[in-house]
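Hi,

Here's the structure I promised to pass on. Have a look at it first, then read my notes below.

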Amino acid sequence: MECWTIPPKQNAEFAARMEDVLAVYERPRDPAAPVVCMDEKPYQLLDEVREGIPVAPGRPAKQDSEYARRGTCSIFVWVEPLAGRRHIDAQPTRTRVDWAHQVKRLLTEDYPDAPRVVLVMDNLNTHTLGSLYEAFEPAEAFGLAQRLEIHHTPRHGSWLNIAEIELSCVSKQCLRRRIADIGRLNRELAAWQTAVNSDQRKVDWQFATRDARIKLRHLYPTKSDATLY
């Protein structure tokens, strides 16, 4: 008798969340419901201990290997892949309240006229509607929550979040040097944001559900000959 053999629960859940996110990425652009990806990463602030030697004709710049730690902060980013639009800034912490304020800014300043924003994020425990209620009065939190359509990437599937790709880009293009304070860091991030937004660099996401079902087929239930008791 033919039946379905279900793989480990976590694999099936991974496949379900992956296909949910991939279906979101296949939607056409809709200004009334823009698809926005959000992510954040910790950043170590570092200062020079000794002044470096600047570049000169025939001589490269030199930097002392010793540095001083100036604390940590968190870099938040969102990107609308189909519009080539993003926002990035650094905050001292990345608590539930910090995430809630990022969402409020997104809805009230960046997309004030969109009835609904489709938000793709990883499933960090701060990324919940409850965080809005910790940061704002119930009426305001409810109003913000009603405008969100949230889709979480699966555990160990953060590569599905386009905002993670943006963080990788900014790390390579903007952050490969020592930055000692959050003020300077935000100035550097703002300059990077202005540059890439002026080019309207869009994201052409190529990995579709049909590809996942072939290349990641080990995550799906498979048919087998078995006796159903």
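**What I found**

Let's start with Trp159, which is partly exposed, with a relative accessible area of 36%. Keep in mind that this is a predicted model.

So what does the ring of Trp159 pair with? Three aromatic pairs were counted. In one of them, Trp159 meets Phe207 edge-to-face, with 5.8 Å from centre to centre and 70 degrees between the planes. Trp159 lies in the loop between β6 (148–152) and α5, while Phe207 is in the loop between α6 (182–198) and α7 (209–215), so this pair ties together parts that are 48 residues apart in sequence.

Next up is helix α5 (residues 162–174). Its 13 residues should span 18 Å at 1.5 Å a residue, and the end C-alpha atoms are indeed 18 Å apart, so the two agree. At the start of α5, a side-chain oxygen of Asn161 comes to within 3.0 Å of the backbone nitrogen of Ala163. Buried residues in this helix include Ala163, Leu167, Val170 and Cys174.

Now for the strands. Strand β2 (residues 35–48) pairs with strand β3 (residues 67–80) in the antiparallel sense over 11 bridges. With strand β5 (residues 117–121), β2 pairs in the parallel sense over three bridges. Try finding Cys37: its bridge partner in β3 is Val79, and in β5 the partner of Cys37 is Val120.

One last thing to look up: the charged end of Arg85 sits over the ring of Tyr111, 4.6 Å from the ring's centre.

Cheers

Note on methods
Residues are numbered from 1 along each chain as its sequence is written. This is a predicted model: local features need pLDDT of at least 70, side-chain atom pairs count only at pLDDT 80 or more; totals for chains, interfaces and linings use all residues. Side-chain values use heavy atoms; hydrogens and water are left out. Two strands pair if DSSP finds at least two bridges between them. Helices (H or I, at least four residues) and strands (E, at least two) are DSSP runs, numbered from the N terminus. The expected span of a helix is 1.5 Å times one less than its number of residues. Buried means under 20% relative accessible area, exposed over 50%, partly exposed in between (1.4 Å probe, protein chains only). A polar contact is a pair of N or O atoms within 3.5 Å; within protein, one must be able to donate a hydrogen and the other to accept it, and residues adjacent in sequence count only if both atoms are side-chain atoms. Rings of Phe, Tyr and Trp (its six-membered ring) pair if their centres lie within 6.5 Å; planes under 30 degrees apart count as stacked, over 60 as edge-to-face and the rest as tilted. A charge sits over a ring if NZ of Lys or CZ of Arg is within 6 Å of the ring centre and within 35 degrees of the ring normal.
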